[in-house]
Amino acid sequence: MSGDVILATNDVTMRFGGLAAVTDLSLAVRRGTIAGLIGPNGAGKTTCFNMITGFYKPTTGSIVFDGQEVTGLPPHKVCKAGIARTFQNIRLFGNETVLENVMIGRHLRQKTSWIDAVLFTPGYLREDKAMRAHCLELLAAVGLADLADEQASSLAYGAQRRLEIARALATEPSFLLLDEPAAGMNPQESEDLMGFVRTIRQDFDLTILLIEHDMKVVMGICEHIWVLDYGVTIAEGAPEAIRRDPKVILAYLGEEGGLHA
Ligand SMILES: Nc1ncnc2c1ncn2[C@@H]1O[C@H](COP(=O)(O)OP(=O)(O)OP(=O)(O)O)[C@@H](O)[C@H]1O
Ligand SMILES: [Mg+2]
């Protein structure tokens, strides 16, 4: 694939005991694109995200992000390098407010230390104020500004997914991984999600890689797609080619919803 590759996984394999969850995965995601990673349940998609973000160390292979090898780095270092993610099963601090959940993401970029916080130094107070303002802007960007003081667990499902995205954006990523952002959404919400993903890509200058079962979303916004089945990459290409690929159709036979977009 030509162009400037921001993320490359080179023959990455992840084994759990006797199970090869992902085998020889070689992704090359071009900067500024919206790319997709699809495949039936258990194909190894989330495992890929876990390797890219440092939650799992690949058994073999390497991962290069923006010219820097990140293979095996712990999650906070990968995040600091510019990779942020959301989770398939939403992981919010339910008892905290919506704003506090975003601020948790922002702490990664905080310059003052905990001792400044304890002593309420002017530097800390200045940074804290700027941080709140910035997080409120992020909430506005995902359409949650009015709910900043609500408890996170009180939000509707779709709003919780957008809050997770705001928290990811607070870490100032250049690369965003979304694990099934449309899961549990009704058709109108997933339609809105497509516009929303395009908007944040533009406004935050992002490259986005998303895992999604909703084929309307995948085919609607992804410029390039990789297809996994039993951990093996069975196809790669533009949406139209993927939709017609016999290997892909076969892999999806029997899957609820199949490849119908
Ligand atoms: N920590 C782990 N220990 C052992 N096996 C694991 C672990 N994580 C994932 N697996 C296995 O690896 C395989 C791939 O799982 P993964 O969650 O990556 O699939 P997926 O493509 O994200 O599926 P889904 O669409 O259902 O979310 C599965 O067989 C799963 O049981
Ligand atoms: Mg998954």
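## Exercises on a predicted fold

Just after helix H1, Gly54 takes a positive phi of about 85 degrees. The model is a predicted one, and the exercises below start from this helix.

**Exercise 1.** Work out which residues of H1 are buried, and explain why the helix counts as largely enclosed.

*Solution.* Start with the cut-off: a residue is buried when its relative accessible area is under 20%. Applied to H1, that test picks out Lys45, Thr47, Cys48, Phe49, Asn50, Met51 and Ile52. Seven of the eight residues in 45-52 are therefore buried, and the rest of the structure largely encloses the helix. Next, look at what H1 lies across: strands E4, E7, E8, E9 and E10, with an angle of about 145 degrees to E9.

**Exercise 2.** Lay out the sheet that contains E10, and find its edge strands.

*Solution.* First write down the order, E7-E8-E9-E4-E10-E11, which is an open sheet of six strands with mixed pairing. Now check the ends: E7 (83-85) and E11 each have a single partner strand, so each has one side without a neighbour in the sheet. On average, neighbouring strands are turned by 20 degrees against each other, direction ignored. Helix H6 (residues 157-170) also lies across E7 and E8, at about 155 degrees to E8.

**Exercise 3.** Describe the surroundings of strand E10, residue by residue and partner by partner.

*Solution.* Begin with the side chains. His224, Trp226 and Leu228 point one way, Ile225, Val227 and Asp229 point the other way, and all are buried. With six of six residues buried, E10 is thus largely enclosed by the rest of the structure.

Then take the partners in turn. E4 (residues 34-38) pairs with E10 in the parallel sense over four bridges, and Gly36 stands opposite Ile225. E11 (residues 232-237) runs antiparallel to E10 and is joined to it by five bridges. Here Trp226 has Glu236 as its bridge partner, while Ile225 has Gly237. Finally, inspect the connection: E10 and E11 form a hairpin with two residues between them, and Tyr230 in the turn has a positive phi of about 50 degrees.

**Exercise 4.** Characterise the packing of H3 against H5.

*Solution.* Take the geometry first. H3 (residues 98-106) and H5 (residues 122-141) pack at about 115 degrees, with axes 9 Å apart. That angle makes H3 roughly perpendicular to H5. The crossing is right-handed.

Now list the contacts: Val98, Leu99, Val102, Met103 and Arg106 of H3 meet H5 residues including Met131, Cys135 and Leu139. Sorted by class, this contact has nine nonpolar, one polar and three charged residues.

Conventions:
Residues are numbered from 1 along each chain as its sequence is written. Chains are lettered from A and ligands numbered from 1 in the order in which they are written. This is a predicted model: local features need pLDDT of at least 70, side-chain atom pairs count only at pLDDT 80 or more; totals for chains, interfaces and linings use all residues. Side-chain values use heavy atoms; hydrogens and water are left out. Buried means under 20% relative accessible area, exposed over 50%, partly exposed in between (1.4 Å probe, protein chains only). Two strands pair if DSSP finds at least two bridges between them. Axes are lines fitted to C-alpha atoms, for helices over the stretch in contact, and angles run from 0 to 180 degrees between N-to-C directions. Angles under 35 degrees count as roughly parallel, over 145 as roughly antiparallel, 65 to 115 as roughly perpendicular and the rest as oblique. A crossing is left-handed if the near helix is turned anticlockwise from the far one by less than a right angle, and right-handed if clockwise. Contact means heavy atoms within 4.5 Å. Ala, Val, Leu, Ile, Met, Phe, Trp, Tyr, Cys and Pro count as nonpolar, Asp, Glu, Lys and Arg as charged, and the others, Gly among them, as polar.
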